[in-house]
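Dear colleague,

Please find below the structure I agreed to pass on to you. My notes on what was found in it follow directly after.

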Amino acid sequence: MKLFFLVCIVMPFLMLSQSKEKEDYNYEVGIVTDNDVFVAWKKTDEFFSFGIGANYNFKSDQFVKAHTLFPKKKQHFYSLAFKMEAFTPSNNEIPEEILERRLFQFDRPFAGILFGSLGLTTTFKKSFVKTNVLLGVMGESSLAENTQDWFHSVILDESTLQGWEFQIPNQLLFNLGVTYAYDFTPKLKRIDLYAIGQTRLGNLYTDVSAQIAFRMGWFRSLTTSITEGNQLLAPKDKKLEFFYKITFLGRVNAFNGTAQGSLFGNDFEHKIESLSVFDRHIAQGVYVSWKHFFINAEYTFTYERVVANSNHIYGTIAMGLRF
């Protein structure tokens, strides 16, 4: 069933990628799915359980005109994205009679989020800036529980998880984010080293992170590459991108709504009382971009995310078309 699930994701994009050539790339559609079901050698549904989303990127000089705030930019594009994510505790196999008597404590709460975001990417000679505004909901209204139940019962033919009735209550989400990336070795041909800094502020996430990334293979410049999602700005040619990338990330956390509930205080009994202040991620994957089509697949290893002394692995597949 896992193989069938992957085929269903990939095949529509392979067929669409044969579409007729146009003069320039001005638009892009893509999908992304994150899931620990891609990690065949470990137990699934621990901490970050799944994510599924879609995005639409487009070039425009008239939309919002936020790009005019960066007069020295080289290129820019806007992004609309929609995504659902689910988070589950690692100790989720609790007998029903214990659940009913509440004789337990989850190591992290059940949480579902559903959100949309509007973003702007502006590029410079060796760097780029991404800014975004996120609006969404967390709780039962996110429909994450229903989606996970369907995936387990229909796609995986497994039993559904118990305990979603104790998920974080409904609330509206608002977040702002800024990401800056700088390429240290823009003149090298087959290897590249760059850094990224990010800050997020809101009632979903409030944190600051820094990462260092290394890629090796055949790739475009950082500002026009699939590496960090800038492939819409690539010149239209037949150049192939095919490379391996590994990233090391460190993050300082002030607030995580999926673990702590409301930013303004509540009496939710399953919230994390002591959030892990510092977490680390290692991500590695393979990226491919050619003509209209692009795809990447990677594994992310997280350490002490939300819960101290914890670790987790999940896989990501993202793909799309430029036209």
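Thr-316 belongs to strand β12, which spans residues 311-322. In this predicted model, Thr-316 has a relative accessibility of 9% and therefore counts as buried, the cut-off being under 20%. Its side chain makes a polar contact of 2.7 Å with the side chain of Asp-34. Beyond the residues up to four places away in sequence, Thr-316 touches Val-32, Thr-33, Asp-34 and Phe-38, and also Asn-296, Ala-297 and Glu-298.

The overall fold comes next. The protein chain contains 4 helices and 12 strands. A barrel is closed by 12 strands, in the order β1-β2-β3-β4-β5-β6-β7-β8-β9-β10-β11-β12, with antiparallel pairing. On average, neighbouring strands of this sheet are turned by 20 degrees against each other, direction ignored. Strands of a sheet pair through backbone hydrogen bonds, in either a parallel or an antiparallel arrangement.

Of the 323 residues in the protein chain, 51% are buried. Among contacts between residues at least 6 apart in sequence, 69% join residues at least 24 apart. The protein chain exposes about 16000 Å², and carbon and sulfur atoms supply 63% of that area.

Several strand pairs can be described individually:

- β2 and β3 run antiparallel and are joined by 11 bridges; Phe-50 stands opposite Ala-86 in β3.
- β3 and β4 also run antiparallel, joined by 13 bridges; the bridge partner of Lys-83 in β4 is Phe-115.
- β5 (residues 127-138) and β6 (residues 171-183) pair in the antiparallel sense over 12 bridges; Leu-135 has Phe-174 as its bridge partner in β6.

How many of the 14 residues of β3 are buried? The number is 10, so β3 is largely enclosed by the rest of the structure.

Helix α3 (residues 144-155) lies across β1 (27-35), β2 (47-58), β3 (75-88) and β4 (111-123). The helix runs at about 75 degrees to β3. Two residues illustrate how α3 meets these strands.

The first is Thr-147, which is located in helix α3. With a relative accessible area of 26%, Thr-147 is partly exposed, because that class covers values between 20% and 50%. Leaving aside neighbours within four places in sequence, Thr-147 is in contact with Phe-50 and Met-84. Thr-147 and Met-84 are 63 residues apart in sequence, and their C-alpha atoms are 9.2 Å apart in space. The side chain of Thr-147 also reaches the backbone oxygen of Leu-143, at 2.9 Å.

The second is Ser-49, in strand β2. Is Ser-49 buried or exposed? Its relative accessibility is 1%, so Ser-49 counts as buried. A polar contact of 2.8 Å joins the side chain of Ser-49 to that of Gln-148. Apart from neighbours within four places in sequence, Ser-49 is in contact with Asp-34, Asn-35 and Asp-36, with Ala-86, Phe-87 and Thr-88, and with Gln-148. Asp-34 thus appears among the contacts of Ser-49 and among those of Thr-316.

The largest nonpolar core has 13 residues, of which Phe-87, Ile-113, Leu-173 and Leu-204 touch the most other members. The elements that give two or more residues to this core are β4 and β5. The most comes from β4, which gives 3 residues. Leaving aside neighbours within four places in sequence, Leu-204 is in contact with Ile-113, Leu-134, Leu-173, Phe-174, Asn-175, Phe-255, Asn-256, Gly-257 and Thr-258. Phe-174, one of these contacts, is the bridge partner of Leu-135 described above.

One loop residue remains to be reported. Thr-68 is placed in the loop between β2 and β3. A polar atom of the Thr-68 side chain lies 2.6 Å from the backbone oxygen of Lys-65. Thr-68 and Thr-122 are 54 residues apart along the chain, and their C-alpha atoms are separated by 9.9 Å.

With kind regards

How values were computed:
Residues numbered from 1 in each chain as written. Predicted model: local features only at pLDDT ≥ 70, side-chain atom pairs only at ≥ 80, totals over all residues. Heavy atoms only, no water. Buried < 20%, exposed > 50% of the residue type's maximum accessible area, 1.4 Å probe, protein only. Polar contact = N/O pair within 3.5 Å; in protein donor to acceptor, adjacent residues only side chain to side chain. Contact = heavy atoms within 4.5 Å. Pairing = 2+ DSSP bridges. Axes fitted to C-alpha atoms, helices over the stretch in contact; angles between N-to-C directions. Core = buried A, V, L, I, M, F, W, Y, C linked by side-chain atoms within 4.5 Å. Areas by Shrake-Rupley, 256 points an atom, 1.4 Å probe, with all protein chains shown as cover.
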